[in-house]
Amino acid sequence: MAALLVWVVVACAGAAFLAHARLQELRADFETDGRIAHRRISQRVVQYDAVMATLTLLQPTAVEGGAPVTRLASVYPQILTVLQRTAAGAWPTLLAAPLAAAEAASRASGRPEMALADLRAGRYYLVMAGSPASYALQIDLKATVPYDEWPMDVASSPVRVTLELGDAAFVVQPGRPRQASVGWTYDFHKRLMVRSQPLDVVAHRTVELRELPWLAILAWCALTAGAGAGGLAAWRQRASRRRMEELLRLGQVARLNALGELAAGMAHELNQPLTALLSSTQAAKRLLVEDPPELDAARTAMVRAVEQAHRASAVVGRLRRLVERPDLAADVQPLSLAAATQDVLRLLEPDLAERRIATTVSTDPGLPSVLAEPISLQQIIHNLLMNALQALEQVPPGERRLSIAMTAAEHGQATLSVRDQGPGIAPEARRRLFEPFYSTRPGGLGLGLTLCESLAQAMGARLTLAPQAPSAPRGAEFILTLSSVAASHDR
């Protein structure tokens, strides 16, 4: 679960970075296109000011068919109409009032002024007051836009561009209409660089979810998932290898200790008949010496038997001294009982999962550090848990429960309780459980609990089998009692 959470965080962070980078790229492109569009349109409308200045300066007067004649339309297709008003003349009747007002404003400002702006139709007039004649140009906005130099594809671009004056707008590029609460929006708003034509270039861009780099995001998620799976597999393999090494080390220690127990037991068992043999042969020798007096050969044989018995006793004694375990009291050190238990549980985690055993571990908050030899303590805990696992194999999977409790006891001690819900131990077996070579399991050597008891005693601890509680007819509970560090300081 932790690995999955880490992958989700990393994948989301990478996806967010890729999405943010794409949005920043789209914003930069949008703003660049907006500035180019603004500059291109501004360059076009500046020409109209230049045309107006030229007309008022040159004052063309040629008349053909009663209307001002100019060849501007052939040079500038975006100029639809050219109107001229002389000092004695007047503007066309339908346009007179607006054009006259614009002429007056132009005369006051000294620059062209807009009149009759109809942005929905894409038309407006530009009026320049002059002497002796004033001029008005009707401008076609659609022809004004330099589509041949336009930075975007008008037909497919999602950017909507308009020229606006007040509430009126001329659509330069339809783009994608503004949508509420969908994706991300970018806006560009800038007035043309000509004071005579105060039109605003307005651009809008909506980025939809489908425009995000989903392929890159999916590739990133797949890459991180693969890397995470590989790393997790490598970590699990390494953890499994460490677990196997620890189990091998504990197994080697167990085999060596079991060998010591076996040799000690054999020495004990052989020493009794050899001692009896020695006593018998010595008694026979005394009897033979007293009577009959003519038994030299028998006496010699008895002497040899005595010598062989002494030799056998010496061999057994040397064997016993060879396999006798050293005193662990000098090797004890402060240890965390909870940490040692967790280390062994980690080693046995696959066995617990395979047997589907529900394990409960409780630790007293005030549990003190204990004095123990590290390997011996782990060996005891390992043996107790393995015995519990073997006992739980005899009950249905749904009833396999193992309880481990670590508490602070009286007199500066700490206890480790290992309780299983197995079939339990018969009363006659409870009395002999710690005897060497006695086992309740078929094929068992009968040295595991004996070894645990010996190791516990060697480092000043005590291992006991808890009495069978009437309320719990099933199962068995072993209690390991150890001295705490605080207790040793008090002494």
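This briefing describes the fold of one protein chain, from its overall make-up to a few single residues. The model is predicted. Its chain holds 12 helices and 17 strands. Of the 491 residues in the chain, 38% are buried. Among contacts with a separation of 6 or more, 67% join residues that are 24 or more positions apart.

**The sheet E8-E7-E10-E9**

- Four strands form an open sheet in the order E8-E7-E10-E9, and their pairing is antiparallel.
- Strand E8 (168-173) and strand E9 (184-191) are the edge strands; each has a single partner strand, so one side of each has no neighbour in the sheet.
- From one strand to the next, the twist averages 25°.
- Strand E7 (residues 160-165) runs antiparallel to E8, and 5 bridges join the two.
- Within this pair, valine 161 of the chain stands opposite glutamine 173 in E8.
- Helix H1 (residues 2-58) packs on the sheet, where it touches E7, E9 and strand E10 (200-207).
- The direction of H1 makes about 20° with that of E9.

**Arginine 44 in helix H1**

- Arginine 44 belongs to helix H1.
- Is arginine 44 buried or exposed? Its relative accessible area is 19%, and the cut-off for buried is under 20%, so arginine 44 counts as buried.
- Apart from neighbours within four places in sequence, arginine 44 is in contact with Gln78, Ala143, Thr144, Val145, Pro146 and Asp148.

**Strand E17 and its partners**

- Strand E17 covers residues 476-483 and is mostly covered, with 6 of its 8 residues buried.
- Which strands pair with E17? Strand E15 (residues 413-420) pairs with E17 in the antiparallel sense over 8 bridges, and strand E16 (residues 462-465) also pairs with E17 in the antiparallel sense, over 4 bridges.
- Leucine 480 in E17 is the bridge partner of leucine 416, and leucine 480 is also the bridge partner of leucine 463.
- Threonine 481 in E17 has arginine 462 standing opposite.

**Alternation along strand E16**

- In a regular strand, side chains alternate between the two faces of the sheet.
- E16 shows such an alternation: Leu463 and Leu465 point to one face and are buried.
- Arg462 and Thr464 of E16 point to the other face and are not buried.

**Helix H11**

- Helix H11 (residues 448-458) is mostly covered, as 8 of its 11 residues are buried.
- The buried residues of H11 are Leu449, Thr450, Leu451, Cys452, Ser454, Leu455, Ala456 and Ala458.
- After H11 comes glycine 460, which has a positive phi near 80°.

**Serine 403 in strand E14**

- Serine 403 is part of strand E14 (residues 401-409).
- How accessible is serine 403, and what does it count as? Its relative accessibility is 32%; buried needs under 20% and exposed needs over 50%, so serine 403 counts as partly exposed.
- In sequence, serine 403 and threonine 359 are 44 residues apart, while in space they are 5.9 Å apart, C-alpha to C-alpha.
- Not counting residues up to four places away in sequence, serine 403 touches Thr360, Ser417, Val418 and Arg419.

**The second largest pocket**

- The volume of the second largest pocket is about 300 Å³.
- This pocket is lined by 11 residues, and those closest to its centre are Ala239, Arg242, Arg243, Arg346 and Leu347.
- Which helices each supply at least two residues of the lining? Helix H5 (214-290) and helix H7 (337-347) do so.
- H5 gives the largest share of the lining, 6 residues.
- By type, the lining residues of the second largest pocket divide into 3 nonpolar, 1 polar and 7 charged.

Definitions and conventions
Residues numbered from 1 in each chain as written. Predicted model: local features only at pLDDT ≥ 70, side-chain atom pairs only at ≥ 80, totals over all residues. Heavy atoms only, no water. Buried < 20%, exposed > 50% of the residue type's maximum accessible area, 1.4 Å probe, protein only. Pairing = 2+ DSSP bridges. Axes fitted to C-alpha atoms, helices over the stretch in contact; angles between N-to-C directions. Contact = heavy atoms within 4.5 Å. 1 Å grid on protein atoms, 1.4 Å probe; cavity = no way out; pocket = protein on both sides within 12 Å on 5 of 7 lines; lining within 4 Å. Points joined across faces, edges and corners; volume = space filled by probe spheres on them. Nonpolar A, V, L, I, M, F, W, Y, C, P; charged D, E, K, R; others polar.
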